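User: I'd like a close look at one part of this model, with the neighbouring pieces brought in where they help. Keep it informal, but be careful with the numbers.

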Amino acid sequence: MIQNVILDMGNVLLDYNPDVSLNLFCSCDEEKEIIRRELFSGPEWVMGDRGDIPDSGRFELVRQRVPEQYWDALKNCCDRWYICMKPLEGAKAFCDFVKEHGLGIYILSNASDAFYEYFPTFLPLDYFDGVVVSADIHMLKPDREIFDYLTGKYHLRPEECLFIDDMPRNVEGARRAGLQAFRFENDYAPIRDLLLSQF
């Protein structure tokens, strides 16, 4: 029986969409393409999520691979990328649903230290029974160790946890760690139905 719901953050609760900042700060398609590739798909993004560098440290590293005429746009994207992180429709209501049905609710996110700037504008951290951010512990999904860390830290039985993520590799990682897991596809209804079926 599911006793706890563990939620990914990006594209499960908040809308992670680099196009928002690229469209706002870049003036041409080439600029967007280069910054998308070098910032959002570059190694520094993973380094930030793993806590190897602070979010504020990305610009100096990434700019070495970006033409100087695009540095202003790059800096804006580095500093303000999370303007896109707005709640998905129904996200708050789903979190309330979980709590109202007496289930534990947790966050497990691959995220940089900027998480603490934007996420509390959605819900305060103490709304949740626990929050694990990858940058804080130098672990990343889908590695088993991060799932083991969360269940160990909060004394949860993996088989009583439902993990929800939009990335198939993270869903599979959770299952390998003994959790129940569900791939989120922009619809909370089937997850509600799954949870309701056990009451």
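Which residues point one way from E4, and which point the other way?

Analyst: One thing up front: this is a predicted model, and everything below is computed from it.

Gly104, Tyr106 and Leu108 point one way from E4, while Ile105, Ile107 and Ser109 point the other way. That fits a general pattern: in a regular strand the side chains alternate between the two faces of the sheet. Whichever way they point, all of these residues are buried. With six of its six residues buried, E4 is largely enclosed by the rest of the structure. The cut-off behind that word is under 20% relative accessible area.

So what does E4 pair with? On one hand there is strand E5, residues 130–133, which runs parallel to E4 and is joined to it by four bridges. Ile107 is a good place to look, since it stands opposite Val131 in E5. Ile107 also has Leu7 opposite it, and that takes us over to E1. E1 and E4 (residues 104–109) run parallel too, joined by four bridges. Val5 belongs to this pairing as well, with Ile105 as its bridge partner in E4.

Stay with E1 for a moment. Asn4 and Ile6 point one way from E1, Val5 and Leu7 point the other way, and all are buried. E1 has another parallel partner in strand E6 (residues 161–165), again through four bridges. Leu7 turns up here too, standing opposite Ile164 in E6. If you're clicking through the model, Leu7 is a handy anchor: it faces Ile107 in E4 and Ile164 in E6.

Now follow the chain out of E1. Ahead of E1 (4–7), Met1 sits in the segment before the strand. In contrast to the buried strand residues, Met1 counts as exposed, at 58% relative accessibility. Met1 joins Leu196 and Phe199 in a nonpolar surface patch, and together they have about 320 Å² of accessible area.

On the other side of E1 comes the loop between E1 and strand E2 (14–15), where you'll find Asn11. Its phi is positive, about 65°, although Asn11 is not a glycine. At 24% relative accessibility, Asn11 counts as partly exposed.

Asp8 is the residue I'd zoom in on next. The side chains of Asp8 and Lys141 meet in a salt bridge, 2.8 Å from N to O. Asp8 lies in the loop between E1 and E2 and Lys141 in the loop between H8 and H9, so the pair ties together parts that are 133 residues apart in sequence. Both ends are covered: Asp8 is buried at 6% relative accessibility, and Lys141 is buried at 5%.

The Lys141 end has some backbone features worth checking. A cis peptide bond joins Lys141 and Pro142, with omega of about 10°. Pro142 is in the loop between helix H8 (134–137) and helix H9 (144–153). His138 is also in the loop between H8 and H9, and its phi is near 60°, a positive value in a residue other than glycine. His138 is partly exposed, with a relative accessible area of 48%. As background, most residues other than glycine have a negative phi, and most peptide bonds are trans.

The Asp8 pair isn't alone, as the structure holds 13 salt bridges. Arg36 forms one with Asp19, with the closest N and O atoms 2.7 Å apart. That pair links distant parts of the chain, Arg36 being in helix H2 (residues 29–40) and Asp19 in helix H1, 17 residues apart. Unlike the buried Asp8, Arg36 is partly exposed at 32% relative accessible area, and Asp19 is partly exposed at 27%.

Helix H1 (residues 19–25) also holds Ser21. Ser21 is buried, with a relative accessible area of 0%. A polar atom of its side chain lies 3.2 Å from the backbone oxygen of Pro18. Leaving aside residues up to four places away in sequence, Ser21 touches Cys26, Phe40, Cys77, Trp81 and Ile83.

To come back to your question, E4 sends Gly104, Tyr106 and Leu108 one way and Ile105, Ile107 and Ser109 the other, with parallel bridges to E1 and to E5.

Conventions:
Residues are numbered from 1 along each chain as its sequence is written. This is a predicted model: local features need pLDDT of at least 70, side-chain atom pairs count only at pLDDT 80 or more; totals for chains, interfaces and linings use all residues. Side-chain values use heavy atoms; hydrogens and water are left out. Patches are made of residues with over 30% relative accessible area and no salt bridge: like charges are joined within 9 Å, nonpolar side chains (Val, Leu, Ile, Met, Phe, Trp, Tyr) within 5 Å. Accessible areas come from the Shrake-Rupley method with a 1.4 Å probe; for residues, only the protein chains shown count as cover. A salt bridge is a side-chain nitrogen of Lys or Arg within 4 Å of a carboxyl oxygen of Asp or Glu. Helices (H or I, at least four residues) and strands (E, at least two) are DSSP runs, numbered from the N terminus. Buried means under 20% relative accessible area, exposed over 50%, partly exposed in between (1.4 Å probe, protein chains only). A polar contact is a pair of N or O atoms within 3.5 Å; within protein, one must be able to donate a hydrogen and the other to accept it, and residues adjacent in sequence count only if both atoms are side-chain atoms. Contact means heavy atoms within 4.5 Å. Two strands pair if DSSP finds at least two bridges between them.
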